[in-house]
Amino acid sequence: MKKETAMVQEYKIFIASPSDLGEERDIIRRVCDNLNSDPLLVGGMKKRILLTPLGWEDLPPAPGRPQDRINLILDKSHIVVGMLYRKYGTPTGDSDSGTEEEFFRAYDQWKSLEKPKIMFYFKDPGINSIEQLEDPQIKKVLGLKQKIQAEELLQYKGFRDADEFGAIFEKDLKKTLLDLIKSVKEDATILKGTEENPVPEEVLNQIPSSYKTWINDKTRCMDVGCLIEDAQGIQLILAEIYQPLFCDDPDLEEKVAKLRENYKGVLAKDPQKHSRPVEIEKLAGRRSSLLVTGLAGSGKTTLARHMARQIINDDSPYFKRGVLPVLIYFKDLKKFDWDISLSGGKGANAFLEWYCEAGFSESIEFGVIQAFCRTGRTVFILDGLDEAPLDIREKAISWFADFQHLYPGNKFILLGRPHGTGGMATKRFGQRSVRVHDLTEDQALEFIDTWFDNVYVQGLITGREIAGRMKGEIRSRHDIDALKKNPLMLTAMCILYNDLKVLPDQRADLYNRIVERLFSKFGDEKIRVANFMMALSHSLFMKGDRGMDEEEAVSILKQHFPAPGERDASYKDIFHRIEPATGLLHRENGGYRFIHLIFQEFLTARHLVDQVEDGFFEPIQEYVEDERFEEVVSLYIGFVSMRNKKAANGIVRRILESDPQCKMPHGLLVAGRSLLDIHKDNQDIGVKELAIDRMQTLIRSSHPPVVWSAAGKVMGRLDHDPGFEDFIPVQGGFYELEVEDSSSFKSIEIESFELGKFPVTNAWYQRFIKAGGYEKKEFWEDDGIKWLEKAKAAEPIYFRDRQLNCPAQPVVGVSFYEAQAFCNWMSFHDPGYKYLLPDENMWQAAAGGKERRKYPWGEKITPEHCNYNKTNLNDPSPVNIFLSGKTPEGIYDMSGNVWEWTSSFWDDSEGAYVMKGGAFDNSEEDCRCASRFSLYPVYRNYNIGFRCARIKTLNS
């Protein structure tokens, strides 16, 4: 079953106010709820509406400037309700407060688009003294009120208390909604023609219903036919699943360029500070023309279809109501007779007249388009510039540029891949060009949520549950980082996950399923296309280049396709038909390249597998020590394992046995990582043990720490446990502990205890999660429960990050409360001991010993002792690799790697806790036993971990 779209008009209401108007914000939401269940009377008839109140409190926690995310909600709202009382709010970087930025942003939009509607209210601040008048927040409130009055920006209202506001607001909102509904009806009657060129009657009334139906039918669902053979099996409603695309703001860049010029380049020192992405659809709405460039699969066609749908239904917050979208696909241009000799706008007229019949299925007449153009109320959306032959593309773009001069005031939005947006497109429209950004992590995760919401009728339950599992998987896998940034590839992964309810464990299996879906669209030709793409990738890789010119590509294609027939006039025509449809290539600087190197590497590996005649090792033997072939070798072994697990394990064994002295670490590490590309159930136990032995030898070797870390990660991924949960006894008695920032020592008596041999690892912490550690409140202290309910945490913040979640790495991104709950769980799990976070003195006694060591191992520090900033590993390392950095008693990683929570308060305020040990990104000074740092208990970061202490109980 699929979700049905209800025939109810939705109006989004944005609430702008500081936090001292919480009661009034609740009233706005209550009034909206009441009106949702009580239809409005419009012209004597009841009209159902859906009011959706939105504000800053509706945003989930996420990285980035919060106001930018709030502004995205505001830009799509129909009504903005602003309120001020005594607080003005917090500066945003661009304005004195969020409310101020939101008001002027909405006002600027209203001036140019006559939307959104703005309702503004001032609550009586009840000023009773001169001191209150001098309050900086109140002064700003009164200043804005005076500015609105003096400049006659709008008519606002005042109120004394919440009850009065509720009565005023409900009355005002009903009137505003009636005006909104009325304006939608009246927008279509604004057009006026001339005596010589009268506007057709149907235009005077509205856009032809047949054309509106045609656009809505063509744009209702996302096109997934290229990824699934039964495209009817999954229908994705475009309006519900659409993910906005972003680019650098050229208007902002122009302002920054002028500022740099005026200030002699000083701003160039921090360009990111002055660069803020803008939604492309918004940019298109404010410009007369826009040239949009993006790689294959970056979402350009979806953007084009979404704009057309939003505009024709008057749902776009960025375009005026009542304008006509004209959506033209350049792939259709070849069917037109381009031999006709016409110049200027006459060519475009002739083409549009033809396209109304051939492209729009006679749903609209050319005269209607012409009438809209005369009044400057047309938005031309020209999609897929690269899909037309060069000569046709250049002529068509030239015609449309002339047409724009003939009919000024109309908008032109052109979209295509880089090789299609050069030439005439750049010459005539390039002064306003942008490039589509990759999807961010947040956008990719939101896309997955909306995708599964749309596929499942129980979207908020089953769909979100499946989406949550998929998001967890993609966060934990670095091998798909490149894929999730591209909407086409992300869609392919969603379809795979929908089918399998899991992403294939093996990279080779995942990539193979994705490319097979991409090739399936070619029907009977899919095997030829696959063979051609594999040969092309192999040829490129052997050349050591990711680019190839068209002539070379066509010469490879000839080896896999029969002579051109009725469908294609030449091999070049075959190439031009196939290349854009694969979604894997893009043209740059005159040559063709793979959109992602990983696909070139996988198809190269698959090509090598297909060439095997006898032994599987020989095709890759010469590449094992070549760093450029590392991914190809691993993917080759992974792909072989899908067909012949014995052969795949045999390849790994041969590589491992070839270097028993471990003098060539690269090949051994490639072998170890390649073993991870074989499914766990297909890994040979003997080969696995041999791999672990070689990794241990590398760690004991004189190779640099980067090799030790890589070997430790391989062992961790192979589930090798060197005793992660072991404890080391710490002798009781008096210790002379150095006082930080002082040459003095203090004498402290310590009771005997045991300290974890290693920081708590991801492998160990995983057991706590699986035991219900975040669900069972008995493991949490009162303050921890409050934090847990507020943070809604279900695991450490970086637990799904592939760079940080190797089982042998220390768990990071844990708050004090999580570390404390883990210790309580261990006490419950092992009642013979009381598990706890060590206090500062216990920790320092274990690290420095009774010998008063400066560092846990002695007096000097080198990158061979621990993971700190001069080690240059740049992330937490596996906990068992720095053999010379352990204490004489055998405790590892007490310096560097990650800061560790202690149970000691920083000072008498009992707010912050003492952290010990330093981290991978800290200096040698921070790694001293005496060094200390303070953090509040809610803090979670990529360099924060902990280790357990334990004391025997009476039960033992």
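**Group meeting: cavities and a loop serine**

Okay, so the second largest cavity in this one has a volume of about 70 Å³. Keep in mind that we're looking at a predicted model.

Who lines that second cavity? You've got Glu736, Leu737, Glu738 and Phe745, then Gln844, Gly848, Gly849, Arg852 and Arg853, and finally Cys929 and Ala930. Two elements give two or more residues each to this lining, namely strand S19 (733-738) and helix H35 (840-848). The largest share is from S19, with three residues. By class, there are four nonpolar, three polar and four charged residues around that space.

Now, just past S19, have a look at Ser744. It sits in the loop that runs between S19 and strand S20 (745-750). Skip the neighbours within four places in sequence, and Ser744 still has contacts with Leu737, Glu738 and Val739. Of those, Leu737 and Glu738 are also in the lining of the second largest cavity. Is Ser744 buried or exposed? Somewhere in between: it's partly exposed, because its relative accessible area is 34%, and buried would need under 20%.

Zooming out, the whole structure has four cavities of 30 Å³ or more. The largest holds about 100 Å³ of space. Its lining includes Met222, Tyr242, Gly299, Phe447 and Thr491. Here the elements giving two or more residues are helix H12 (300-312) and helix H20 (487-500). And what about charge in that lining? There are no charged residues, just eight nonpolar and four polar. Put that beside the second largest cavity, with its four charged residues.

Note on methods. Residues numbered from 1 in each chain as written. Predicted model: local features only at pLDDT ≥ 70, side-chain atom pairs only at ≥ 80, totals over all residues. Heavy atoms only, no water. Helix = DSSP H or I, 4+ residues; strand = E, 2+ residues; numbered from the N terminus. Buried < 20%, exposed > 50% of the residue type's maximum accessible area, 1.4 Å probe, protein only. Contact = heavy atoms within 4.5 Å. 1 Å grid on protein atoms, 1.4 Å probe; cavity = no way out; pocket = protein on both sides within 12 Å on 5 of 7 lines; lining within 4 Å. Points joined across faces, edges and corners; volume = space filled by probe spheres on them. Nonpolar A, V, L, I, M, F, W, Y, C, P; charged D, E, K, R; others polar.
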